[in-house]
Amino acid sequence: MVRLANITRHKTHRVEIGSVVLGGGAPVVVQSMTNTDTANIHETVQQTKQLADAGSELVRLTVNNEAAAGAVPHIKEQLLQDGYTVPLVGCFHYNGHRLLTEFPDCATALDKYRINPGNVGFGEKRQSQFDMMIEQAIIHKKAVRIGVNWGSLDQDLSAKLMDENSRLEHPFSADAILRQALIESALQNAARATELGLPENKIVLSCKVSRVQDLIAVYKELANRSHYALHVGLTEAGIGDKGVISTTAGLAILLQHGIGDTIRASLTPRPGESRVKEVLACQEILQSLSLRDFSPQVTACPGCGRTTSTYFQHLADTIQTFLQEQMPIWKQRYPGVESMKVAVMGCIVNGPGESKHADIGISLPGSGESPVAPVFIDGVKKYTLRGDVIADEFKSLVINYVDNRYGNP
């Protein structure tokens, strides 16, 4: 008998961030980041709501200057007034030590701080300014992500490792040393944070790179050497299909190995494109791996010479869109509906079989086949649809199925 491989999660510390839990065996958390000017309170609130509505369970904001730091408490207040409790993460670079110290309301309003050891400070100031940020996290009892980036690596550490490598009889490649520097930077700074008094269950680590194979290598090593909760994602995935495919390739392999407690798809949006696409990409990855359920899924065949009509394509798209539109209501009214499987198939070859495997499915006639469409519910043929109103009739059957199966007794 062929058995599915079980995904055994890497053991990590449980980190509480507002109402969200990372690590400790909790479900993998989806997060995203706004690209508004944080000082623009209205636009930042609106985009945060959009991301939260799409399913982002953490939302990160850039806090890069006094205006942004001053806006954060008002953003938090407005979100709470509108019923949004999504935890906010402040992303700090260069001046975070000063902003957290001089704007205590900002430090209080944020649920987590993101610190990049590579640009928290330079020279003799680096350590003291990192310490100041950790001390603020301790004072305000906040979690911290120590996020190391390939593009902004601690130059002193990387130079030291490069020098040591050059003296070896058989030196490693420069890329291998940079990967090692990423890991060492994350672990050394996490150790420093705990020395200062920040508990391990307040620390999340990340080592971001932009190439998939580097991502996999770095996170496997990081997981082997620590039990900190891990934030996983490419630092710059790219635009369009390239970004989605690269993110999926890297995250799927790591998640299959049980590595990753929170994920982000850092997609470059096209002009005018919604920021929520990166949230949906993460949800699809997790749902495809059967790690979480977010929305009912539609199985649809790709089409072939037996399906020269595009009717089944339009129906599949209509049903998928309909399910996504209903989810904000359904997830409140029908617990468990997010795991429902729907099939919209285009001909009799695989149509009946796939429809039987789904909770509810329809097998449309292919070109030249009998113009009837059997509907299967829980593996049993229940109805046969004909005519020009198949889409509306099938949609009604889906609504009835959801109400009957997931509705309250």
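In which helix is the place of S185? In this predicted model, S185 belongs to helix α7. The report begins with that helix and its partners, and then turns to the cysteines and to two loop residues.

## Helix α7 against helix α6

Two packed helices are described by the angle between their axes and the distance between the axes. For helix α6, which spans residues 155-166, and helix α7, which spans residues 174-196, the axes come within 9 Å and cross at roughly 130°. That angle makes α6 oblique to α7, since it falls outside both the range of 65 to 115 degrees and the range over 145 degrees. The crossing of these two helices is right-handed.

On the α6 side, the residues that meet α7 are L157, S158, L161, M162 and N165. Their counterparts in α7 are A174, I177, L178, Q180, A181, E184, S185 and Q188. By class, this contact of α6 with α7 comprises seven nonpolar residues, five polar residues and one charged residue.

## The surroundings of S185

S185 is one of the α7 residues that meet α6. Its relative accessible area is 1%, and S185 therefore counts as buried, the limit being under 20%.

When residues up to four places away in sequence are set aside, S185 touches P117, V148, L153, D154 and L157. Of these, L157 is also listed among the α6 residues in the contact with α7, whereas V148 falls within strand β7, residues 143-149.

## Helix α7 against helix α5

Helix α5 covers residues 125-140, and its axis and that of α7 come within 10 Å and cross at roughly 55°. At this angle α5 is oblique to α7, because the value is neither under 35 degrees nor in the range 65 to 115. The crossing of α5 and α7 is right-handed.

In α5, the residues R126, Q127, F130, D131, I134 and I138 take part in the contact, and in α7 they meet N189, R192, A193 and L196. The contact of α5 with α7 divides into five nonpolar, two polar and three charged residues.

## Cysteines

A disulfide is a covalent bond between the sulfur atoms of two cysteines. How many disulfides does a search of the whole structure find? The search finds zero. C207 is in no disulfide, and the nearest cysteine sulfur, belonging to C91, lies 15 Å away. C207 is buried, because its relative accessibility is 0%.

C304 is likewise in no disulfide; here the nearest cysteine sulfur is that of C347, at 5.3 Å. That separation does not meet the cut-off, as a disulfide requires two cysteine sulfur atoms within 2.5 Å. With a relative accessibility of 44%, C304 counts as partly exposed.

## Positive phi in two loops

Most residues other than glycine have a negative phi. K141, which is not a glycine, has a positive phi of about 55°. The residue is placed in the loop between α5 and β7. K141 is exposed, because its relative accessibility of 66% is over 50%.

Where is S290 found? S290 lies in the loop between α10, residues 277-288, and β13, residues 297-300. Its phi is near 60°, a positive value in a residue other than glycine. With a relative accessible area of 64%, S290 is exposed.

Methods. Residues are numbered from 1 along each chain as its sequence is written. This is a predicted model: local features need pLDDT of at least 70, side-chain atom pairs count only at pLDDT 80 or more; totals for chains, interfaces and linings use all residues. Side-chain values use heavy atoms; hydrogens and water are left out. Axes are lines fitted to C-alpha atoms, for helices over the stretch in contact, and angles run from 0 to 180 degrees between N-to-C directions. Helices (H or I, at least four residues) and strands (E, at least two) are DSSP runs, numbered from the N terminus. A crossing is left-handed if the near helix is turned anticlockwise from the far one by less than a right angle, and right-handed if clockwise. Contact means heavy atoms within 4.5 Å. Ala, Val, Leu, Ile, Met, Phe, Trp, Tyr, Cys and Pro count as nonpolar, Asp, Glu, Lys and Arg as charged, and the others, Gly among them, as polar. Buried means under 20% relative accessible area, exposed over 50%, partly exposed in between (1.4 Å probe, protein chains only).
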